[in-house]
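Hi,

Here is the structure I said I would pass on. Have a look at it first, and my notes on what turned up follow below.

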Amino acid sequence: MDNSLTTSTISTPSRIDVCIFIDPLFDFLSPNGTFCKTYGEDDCVPIISIHKSLNKLYQHLKNHCPSIDIIIVSSVYEATQFETVPNLCTTAEGCKVFLDDCPVDENMPVSGNHTYIQKTTNSFLTCPEESLDRVMQLTANRNILVCGVTTVSCVSVAVNSLCEGAFCSKVIVARNAVASRKANLIRESALLLEWADAMSRGE
């Protein structure tokens, strides 16, 4: 099984079977969200800016690629779970999917080719067993595109989990649809290079 990694501009979506959106939520992507209010708008510019790319990708897949399964991964945290950013994803507004006309949420977790899951840590593997079973079924032996925020945390954990689990065929990281805070850009660049290098070696 080819558990390989690459970066992509999503120019050939026909190679993709499943797209996983990591935390496309108000609290991360909006200037009025908890992440931006905590760290400051300047530090969060890359994350705020990625919202347009994420929404463009989502609309393209939704309207033109009905055969591609879409998994929306949302975070639901405790108010004091993170000392540096308290109250992140603790309210209905903060946990709202920040993509135009997305049909799924906690009240309707499955709709057509959309699946919505909630995680309680930076790993999507912490979602409820029923949701996890569905994710495993959707990703088994398929090509997975991963996008969202943040690259150095939840996106990285998702990529590692998908590869180490050895159940999907290929993991593709959408380089133009992932982002981190400015403070973490060096770490993010290192991760993107590492993933691209892994692909070039065929790992």
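One thing before the details: this is a predicted model, and every value below was computed from it.

I'll start with the pockets. The largest one has a volume of about 290 Å³. Its lining is made up of 16 residues, and the ones nearest the centre are Phe-35, Tyr-39, Val-85, Thr-150 and Ser-153. Two helices, α2 and α5 (151–164), each give at least two residues to that lining. Helix α5 has the largest share, with three residues. If you sort the lining of this pocket by class, you get nine nonpolar residues, six polar and one charged.

The second largest pocket comes in at about 230 Å³. Here 13 residues form the lining, and Ala-92, Cys-95, Lys-96, Val-97 and Asp-105 are the closest to the centre. By class, the lining of the second largest pocket splits into eight nonpolar, two polar and three charged residues.

Back to two of the names from the largest pocket, Phe-35 and Tyr-39. Both belong to helix α2 (residues 34–39), where they are four residues apart, or about one turn of the helix. How are their rings arranged? They make an edge-to-face aromatic pair, with 5.0 Å from centre to centre and 65° between the planes. Phe-35 has a relative accessible area of 8%, so it counts as buried. Tyr-39, at 23%, is partly exposed. Phe-28 joins these two, and Phe-28, Phe-35 and Tyr-39 together form one aromatic cluster.

Tyr-39 has another partner as well: the charged end of Arg-181 sits over its ring, 3.7 Å from the ring centre. While you have Arg-181 on screen, look for Ile-48 too. The C-alpha atoms of Ile-48 and Arg-181 are 9.4 Å apart, although 133 residues separate the two along the chain. Ile-48 is part of helix α3 (residues 45–64). Is Ile-48 buried or exposed? Its relative accessible area is 18%, and the cut-off for buried is under 20%, so Ile-48 is buried.

Now the aromatic pairs in general. How many does the structure hold? There are five. One of them is Phe-26 with Phe-98: the ring centres are 5.6 Å apart and the planes stand at 90°, so this pair is edge-to-face. Phe-26 lies in helix α1 (residues 26–29), while Phe-98 is in the loop between β3 (69–75) and β4 (110–111), so the pair ties together parts that are 72 residues apart in sequence. Phe-26 is buried, at 12% relative accessible area, and Phe-98 is partly exposed, at 23%.

The last stop is Asn-113, which you will find in the loop between β4 and β5 (114–119). Asn-113 has a relative accessibility of 18% and counts as buried. What does its side chain reach? The side chain of Asn-113 gets to the backbone oxygen of Ile-68, at a distance of 2.8 Å.

If you want a route through the model, I would begin with Tyr-39, which is in the cluster with Phe-28 and Phe-35, has Arg-181 over its ring and is among the residues nearest the centre of the largest pocket. From there, go on to the pair of Phe-26 and Phe-98, and finish at Asn-113 and its contact with Ile-68.

Cheers

Methods. Residues are numbered from 1 along each chain as its sequence is written. This is a predicted model: local features need pLDDT of at least 70, side-chain atom pairs count only at pLDDT 80 or more; totals for chains, interfaces and linings use all residues. Side-chain values use heavy atoms; hydrogens and water are left out. Rings of Phe, Tyr and Trp (its six-membered ring) pair if their centres lie within 6.5 Å; planes under 30 degrees apart count as stacked, over 60 as edge-to-face and the rest as tilted. Buried means under 20% relative accessible area, exposed over 50%, partly exposed in between (1.4 Å probe, protein chains only). A charge sits over a ring if NZ of Lys or CZ of Arg is within 6 Å of the ring centre and within 35 degrees of the ring normal. On a 1 Å grid over the protein atoms alone, a cavity is a set of points where a 1.4 Å probe fits but cannot get out, and a pocket is an open set with protein on both sides within 12 Å along at least five of seven lines; lining residues have an atom within 4 Å of a point. Grid points are joined across faces, edges and corners, and a volume is the space filled by probe spheres set on the points. Ala, Val, Leu, Ile, Met, Phe, Trp, Tyr, Cys and Pro count as nonpolar, Asp, Glu, Lys and Arg as charged, and the others, Gly among them, as polar. A polar contact is a pair of N or O atoms within 3.5 Å; within protein, one must be able to donate a hydrogen and the other to accept it, and residues adjacent in sequence count only if both atoms are side-chain atoms.
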